[in-house]
Amino acid sequence: MLWLFGCDTKRISELEEGVATEADVRARFGEPENVWDTSAGRVFEYNRQPQGQKNYMITIGPDGKMSALRQVLTPENFAKVTPGMPAEDVRRLLGKPAKRTPYPLKNQTEWEWRWMQPPNSPMVFTATVDDAQRVVSAASSPDRAAEAP
């Protein structure tokens, strides 16, 4: 599995926005974890959780060409996760979490994503979701598991 993540940089360099097609994306990245239809086109999720620290969203525009390829585990995207936000919107924004931990007595579940804060700090972003599937809270903290020897 680890060899897969090291190949991402090479695969990304082989895809050019406005030129690469859906077939090109699938040939380099394989089947997506999820596909969503949006007004901008179809968005393919390529999840690198829980081992990796990146998640990619690749948009295929209405013309069948790749219009965007972005790594979504960023402070800018985490700032968009606010109390009251639907859990499905968080899922579409960040991709599948690395870990989900239910807390039945609180009627909440913690969703966690591993990410790298530049230049080299392993982090975990946590969104707490209630039984109504709405965000209660969200925050980043150091990834203590990555720091262990």
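This passage walks through a predicted model, from a sheet and its helix to the nonpolar cores and an aromatic cluster.

We can start with the sheet, which is open and built from four strands in the order 1-2-3-4, with antiparallel pairing. Strand 1 (34-38) and strand 4 (66-71) form the edges, each pairing on one side only. From one strand to the next, the twist averages 20°. In the interior of this order, strand 2 (residues 41-47) and strand 3 (residues 55-60) are joined in the antiparallel sense over six bridges. Along this pairing, Tyr46 stands opposite Tyr56 of strand 3. Helix 3 (residues 22-29) packs on the sheet and touches strand 2, strand 3 and strand 4. The direction of helix 3 makes about 5° with that of strand 2.

A useful residue to look at next is Arg92, found in helix 5 (residues 87-94). Leaving aside residues up to four places away in sequence, Arg92 touches Trp36, Asp37 and Met57. Arg92 and Phe44 are 48 residues apart along the chain, and their C-alpha atoms are separated by 9.9 Å. Arg92 counts as partly exposed because its relative accessibility is 35%, which falls between the 20% and 50% limits.

Helix 5 also contributes to the largest nonpolar core: together with strand 6 (108-117) and strand 7 (121-130), it makes up the elements that give two or more residues to this core. The core holds 20 residues, of which Leu73, Val81, Val90, Leu94, Trp113 and Phe125 touch the most other members. Apart from it lies another core, of 11 residues, including Leu15, Ile58, Ile60 and Leu69.

Phe125 deserves a closer look. Not counting residues up to four places away in sequence, Phe125 has contacts that include Phe78, Val81, Leu94, Trp111, Trp113 and Trp115, as well as Ala138, Ala139 and Ser140. Ring pairs link Phe125 with Phe78, Trp111, Trp113 and Trp115 into a cluster.

The count of aromatic pairs in the model comes to six. One of these joins Trp111 and Trp113, with 6.1 Å centre to centre and 65° between the planes. The pair is classed as edge-to-face because that angle is over 60 degrees. Trp113 counts as buried, at 0% relative accessibility. Trp111 is buried as well, since its relative accessible area of 6% is under the 20% limit. A charged residue completes the picture here: Arg100 lies over the face of Trp111, at 4.4 Å from the ring centre.

Terms used. Residues are numbered from 1 along each chain as its sequence is written. This is a predicted model: local features need pLDDT of at least 70, side-chain atom pairs count only at pLDDT 80 or more; totals for chains, interfaces and linings use all residues. Side-chain values use heavy atoms; hydrogens and water are left out. Two strands pair if DSSP finds at least two bridges between them. Axes are lines fitted to C-alpha atoms, for helices over the stretch in contact, and angles run from 0 to 180 degrees between N-to-C directions. Contact means heavy atoms within 4.5 Å. Buried means under 20% relative accessible area, exposed over 50%, partly exposed in between (1.4 Å probe, protein chains only). A nonpolar core is a set of buried Ala, Val, Leu, Ile, Met, Phe, Trp, Tyr and Cys residues joined through side-chain atoms within 4.5 Å. Rings of Phe, Tyr and Trp (its six-membered ring) pair if their centres lie within 6.5 Å; planes under 30 degrees apart count as stacked, over 60 as edge-to-face and the rest as tilted. A charge sits over a ring if NZ of Lys or CZ of Arg is within 6 Å of the ring centre and within 35 degrees of the ring normal.
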